[in-house]
Amino acid sequence: NTFLNRDPYACAVIDAFGGTAATAQLCEVRMPSVSEWRRNGIPRARLLFLKLARPDLFVSLDVHDKPL
């Protein structure tokens, strides 16, 4: 099952940004890279960028999940 191999925090962040395609566009990467983040976690530099781009999306995520 592919859901067992996913990073729940990374998936929540990517979904909050509108999904794989929207996150890829914002980060200027290809969609397969973002799909890999769902499995392996978002690279620290990308996560910092996302937090700077939309800190409001992380308020509820970081209360319930792992903050950076």
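In the predicted model, Cys27 has a relative accessibility of 5% and therefore counts as buried, the cut-off being under 20%. Cys11 is likewise classed as buried, because its relative accessibility is 11%. The structure nevertheless holds 0 disulfides. Across the 68 residues of the protein, 35% count as buried. The exposed surface amounts to about 4500 Å², of which carbon and sulfur atoms supply 55%.

The protein contains 5 helices and 0 strands, and its order along the sequence is α-α-α-α-α. Among contacts with a separation of 6 or more, 52% are between residues 24 or more positions apart.

Helix α1 spans residues 8-16, and its buried residues are Tyr9, Ala10, Cys11, Val13 and Ile14. An α-helix has 3.6 residues a turn, so residues three or four places apart point the same way. At the start of α1, the backbone nitrogen of Tyr9 lies within 3.0 Å of a side-chain oxygen of Asp7. Just after the helix, Gly18 adopts a positive phi of about 105°.

The largest nonpolar core comprises 15 residues, and Val13, Ile42, Leu50 and Phe58 have the most contacts inside it. At least two residues of this core come from each of α1, α2 (20-27), α3 (31-40), α4 (44-53) and α5 (55-64). Helix α1 makes the largest contribution to the core, with 4 residues. In soluble globular proteins, nonpolar side chains tend to be buried together.

Ile42, one of the core residues with the most contacts, is located in the loop between α3 and α4. With a relative accessibility of 13%, Ile42 falls under the 20% cut-off and so counts as buried. When neighbours within four places in sequence are set aside, the contacts of Ile42 are with Ala10, Val13, Ile14, Trp37, Leu47 and Leu50. Of these partners, Ala10, Val13 and Ile14 also appear among the buried residues of α1. Val13 and Leu50, both contacted by Ile42, are themselves listed with Ile42 among the residues that have the most contacts inside the core. The pair Ile42 and Ala10 is separated by 32 residues in sequence, while the C-alpha to C-alpha distance is 5.9 Å.

How values were computed: Residues are numbered from 1 along each chain as its sequence is written. This is a predicted model: local features need pLDDT of at least 70, side-chain atom pairs count only at pLDDT 80 or more; totals for chains, interfaces and linings use all residues. Side-chain values use heavy atoms; hydrogens and water are left out. A disulfide is a pair of cysteine sulfur atoms within 2.5 Å. Buried means under 20% relative accessible area, exposed over 50%, partly exposed in between (1.4 Å probe, protein chains only). A polar contact is a pair of N or O atoms within 3.5 Å; within protein, one must be able to donate a hydrogen and the other to accept it, and residues adjacent in sequence count only if both atoms are side-chain atoms. A nonpolar core is a set of buried Ala, Val, Leu, Ile, Met, Phe, Trp, Tyr and Cys residues joined through side-chain atoms within 4.5 Å. Contact means heavy atoms within 4.5 Å. Accessible areas come from the Shrake-Rupley method with a 1.4 Å probe; for residues, only the protein chains shown count as cover.
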